[in-house]
Amino acid sequence: MQDVVLALLVKEPSHGYDLRRRLSAALGPVGETLNAGQIYVTLTRLERAGLVRQEREDEPTRGPRRKVYALTPPGRDRVGEWLAESAGAKPDVAEFHLKLVAAAVSGLADPRVLVAGQRRELMHGLGQVQRAALDYESDSEPWLLLEGVALRMQADLRWLDVCERVWSARVGRVE
């Protein structure tokens with residue numbers, strides 16, 4: 001969550017309500033479980049860590065005053081490091097999705113490059129699993145487990161194909 005919030009602040013300073021709105025829009029129905037207070041807790045932690053600073057308070061047309069947060073130079077560095085990190089062979093789909101959104105919104109990385117890197121990592125892992133499965137009879141318990149792992153990785157690869165297609169069409173159109 002912290003890395004995503006930092007990445008959303010790359011383009012411009014923002015307040016918690018706007019950050020929550022943008023996260024919910026990016027996550028669709030998965031974002032409905034996002035705790036409304038989580039953004040404010042995250043911003044407080046990021047401020048304590050010196051990764052964001054309160055820039056000003058805006059007078060809203062309704063409701064309480066809104067604290068507008070901006071990235072600090074260490075916060076910007078952290079976003080760059082996060083975008084360059086591998087998601088691993090078994091990434092959390094929602095987290096990787098948010099990384100793609102954050103990459104596009106911040107302009108610090110190309111989502112298509114992140115998808116390609118993830119595909120390489122998954123292909124490598126899939127090859128290892130398939131080679132390991134060759135050591136077992138196809139009706140054995142270890143083979144059944146390895147087959148399940150391979151099928152999940154293949155599903156992830158199909159999702160990455162969809163990601164590549166969608167981000168290729170969207171690059172340059174993201175806010």
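Trainee: What makes helix H3 a helix that lies across E2 and E3, and at what angle does H3 run to E2?

Mentor: In this predicted model, helix H3, residues 38–48, lies across both E2 and E3. Its direction is at about 125 degrees to E2.

Trainee: Why are E1 and E2 called the edge strands?

Mentor: The open sheet has three strands in the order E1-E3-E2, with antiparallel pairing. Strand E1 (14–15) and strand E2 (52–58) each pair on one side only. E2 pairs with strand E3, residues 66–71, over six bridges, and two bridges are enough for strands to count as paired. One of the residue pairings joins Gln54 to Tyr69 in E3.

Trainee: Why is the pair of Phe96 and Trp159 called edge-to-face?

Mentor: The ring centres are 6.1 Å apart, and the planes meet at 65 degrees. Centres within 6.5 Å make a pair, and planes over 60 degrees apart count as edge-to-face, so that name fits Phe96 and Trp159. This is the one aromatic pair in the structure.

Trainee: Are Phe96 and Trp159 buried or exposed, and how do you know?

Mentor: Buried means under 20% relative accessible area. Phe96 has 4%, so Phe96 is buried. Trp159 has 27%, so Trp159 is partly exposed.

Trainee: How do you know that Lys99 has no salt bridge?

Mentor: A salt bridge needs the charged atoms within 4 Å. For Lys99, which is buried, the nearest side chain of opposite charge is Glu85, 5.0 Å away. Lys99 sits in helix H5, residues 93–106, and the residues it touches include Trp82 and Leu114.

Methods: Residues are numbered from 1 along each chain as its sequence is written. This is a predicted model: local features need pLDDT of at least 70, side-chain atom pairs count only at pLDDT 80 or more; totals for chains, interfaces and linings use all residues. Side-chain values use heavy atoms; hydrogens and water are left out. Helices (H or I, at least four residues) and strands (E, at least two) are DSSP runs, numbered from the N terminus. Contact means heavy atoms within 4.5 Å. Axes are lines fitted to C-alpha atoms, for helices over the stretch in contact, and angles run from 0 to 180 degrees between N-to-C directions. Buried means under 20% relative accessible area, exposed over 50%, partly exposed in between (1.4 Å probe, protein chains only). Lys and Arg count as positive and Asp and Glu as negative; His and the chain ends are not counted. Rings of Phe, Tyr and Trp (its six-membered ring) pair if their centres lie within 6.5 Å; planes under 30 degrees apart count as stacked, over 60 as edge-to-face and the rest as tilted. Lists of a residue's contacts leave out its neighbours within four places in sequence.
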